[in-house]
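User: I would like to learn how to read a structural model one feature at a time. Please give me the general idea first, then the case at hand.

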Amino acid sequence: MRKLLAAVLSALLFVTASIPAWALTEEEMDAALEARGREALAACVDDGMTDLEKLTALHDWLALHCDYGASPRSQTAYGALVEGTAVCIGYAAGLGYLAALAGLDGTYTYSEELDHAWALATLDGGRYFSDCTWDDGKNQKMGLIRHTYFLFDEINAPSKGHYGWDSRERVRGGPLEDVPWTAAVTRVIFHGDFAYYFDGDFRLIRCDRATWETEELLALPDRWPDTDPPDGRDPEIYTGLVLIRERLYFNTPTALCYYDLTDGTVKTALTPDTGERRIYGVSVRNGVLCYSLADGANAILFDVIETGISARRAWGG
């Protein structure tokens, strides 16, 4: 039933997306926005998830499907969800909209002092901020999603660099700093009894969804050439994480690999000729697993290469 719903919503969205936004009525744009929102929920949220897991999945879906940039509608949820381009207020409105569709009382707030916006949602009765804009650092680094600004309330907002918001309500959620996957630098994949993600220490982590106990499944053996910033910041990891038929695909600087959930083995799926360049992320584009090839983490020019590996049941960019 979920697959049928996703197919119907995708068809409706395809028809609407083929029409320029300026030619659509407000009602048609609202319909396209709702179709896209429900498509996102059908792709990444299910009834077995906790509210926290649902918000995590929606935060990650938006980061994978939206790029930071200015456009006529980049300050709206429509720009973020339907067109895939947004500035901070578009990200905030988009995540707030998705959270509302998921029953999490989602909205967003704005700080004139910061000239910045971020989302707000309810988890188990508590109110929490979530800033998908600051967590979405991908650009050419496909699949890179941080969770540094995913969960905070008005008490710890200043320590996260957020202040001056325009809000008429108390944003008190209680401490959630112990949520393991706030350390994730990739999408958090909820599959079976576990959550999977890479952390900033180059480790693939398996987290028990019931107890939050974690274990390291593997550590990346290779580092990127510019992995140790000269200013003393933490080393950077540049990989995505995609689940395809019990395989967790990720990348090293020079290869595409996967962790097989059925037997716990790690295998190399593809070793492309990278030359002097390196792989800076892996994700899904148009149902195909792709990787990003660039000559540095901050490179402006990069190539997105299709692997030929079908990923039509894995959601991504």
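User: Does Asp136 count as buried or exposed?

Analyst: Keep in mind that this is a predicted model. Burial is read from relative accessible area, and buried means under 20%. Asp136 has a relative accessibility of 12%, so Asp136 counts as buried.

User: Where is Asp136 found, and which residues does Asp136 touch?

Analyst: Asp136 sits in the loop between α6 (132–135) and β6 (189–191). Setting aside residues up to four places away in sequence, Asp136 touches Ala63, Cys66, Tyr91 and Leu144.

User: What share of the residues of the protein counts as buried, and how many helices and strands are there?

Analyst: Of the 317 residues, 53% count as buried. The protein has six helices and 16 strands. Among contacts with a separation of 6 or more, 51% are between residues 24 or more positions apart.

User: How do I read a pair of helices? At what angle do α3 and α5 cross?

Analyst: Take the angle, then the handedness, then the residues that meet. The axes of α3 (residues 51–65) and α5 (residues 88–101) come within 10 Å and cross at roughly 140°. Angles over 145 degrees would count as roughly antiparallel; α3 and α5 are therefore oblique to each other. Their crossing is right-handed.

User: Which residues meet where α3 and α5 are in contact?

Analyst: From α3 come Leu55, Leu58, His59, Trp61 and Leu62, and from α5 come Tyr91, Gly94, Leu95, Leu98 and Ala99. By class, this contact has eight nonpolar residues, two polar and no charged ones. Tyr91 of α5 is also one of the residues that Asp136 touches.

User: At what angle do α2 and α3 cross, and which residues meet there?

Analyst: The axes of α2 and α3 come within 10 Å, and the crossing angle is roughly 120°. This crossing is right-handed. Arg36, Ala40, Leu41 and Cys44 in α2 meet Ala57, Leu58, Trp61 and His65 in α3. The residues of this contact divide into six nonpolar, one polar and one charged.

User: Now the core. Which residues of the largest nonpolar core touch the most other members?

Analyst: A core is read as a network of buried nonpolar side chains. The largest one here has 49 residues, and those touching the most other members are Leu55, Leu58, Trp61, Leu62, Leu151 and Trp181. At least two residues each come from α2 (26–44), α3, α4 (77–83), α5, β4 (116–123), β7 (194–198) and β8 (203–208). The most are given by α3, with eight residues. Apart from this core lies another, of 24 residues, including Tyr196, Leu204, Ile237 and Ala294.

User: Which residues does Trp181 touch?

Analyst: Not counting residues up to four places away in sequence, Trp181 touches Leu52, Glu53, Thr56, His147, Phe150, Val188, Phe190, Ala195, Tyr197, Cys207 and Trp212.

User: How do I read a contact between residues far apart in sequence? How many residues apart are Asp51 and Leu104 in sequence?

Analyst: Compare the sequence separation with the distance in space. Asp51 and Leu104 are 53 residues apart in sequence and 7.3 Å apart in space, C-alpha to C-alpha. Asp51 lies in α3 and is partly exposed, with a relative accessible area of 24%. Leaving aside neighbours within four places in sequence, Asp51 is in contact with Leu104, Leu123 and Asp124.

User: What is the phi of Asp115, and why look at phi?

Analyst: Most residues other than glycine have a negative phi, so a positive value invites a second look. Phi of Asp115 is near 50°, a positive value in a residue other than glycine. Asp115 lies in the loop between β3 (107–111) and β4, and is exposed, with a relative accessible area of 53%.

User: Which value does phi take in Trp212, and where is Trp212 placed?

Analyst: Trp212 has a positive phi of about 65° although it is not a glycine. Trp212 is in the loop between β8 and β9 (214–219). With a relative accessible area of 26%, Trp212 is partly exposed. Trp212 is also among the residues that Trp181 touches.

Key:
Residues numbered from 1 in each chain as written. Predicted model: local features only at pLDDT ≥ 70, side-chain atom pairs only at ≥ 80, totals over all residues. Heavy atoms only, no water. Axes fitted to C-alpha atoms, helices over the stretch in contact; angles between N-to-C directions. Helix = DSSP H or I, 4+ residues; strand = E, 2+ residues; numbered from the N terminus. Parallel < 35°, antiparallel > 145°, perpendicular 65-115°, else oblique. Left-handed = near helix turned anticlockwise from the far one by under 90°. Contact = heavy atoms within 4.5 Å. Nonpolar A, V, L, I, M, F, W, Y, C, P; charged D, E, K, R; others polar. Buried < 20%, exposed > 50% of the residue type's maximum accessible area, 1.4 Å probe, protein only. Core = buried A, V, L, I, M, F, W, Y, C linked by side-chain atoms within 4.5 Å.
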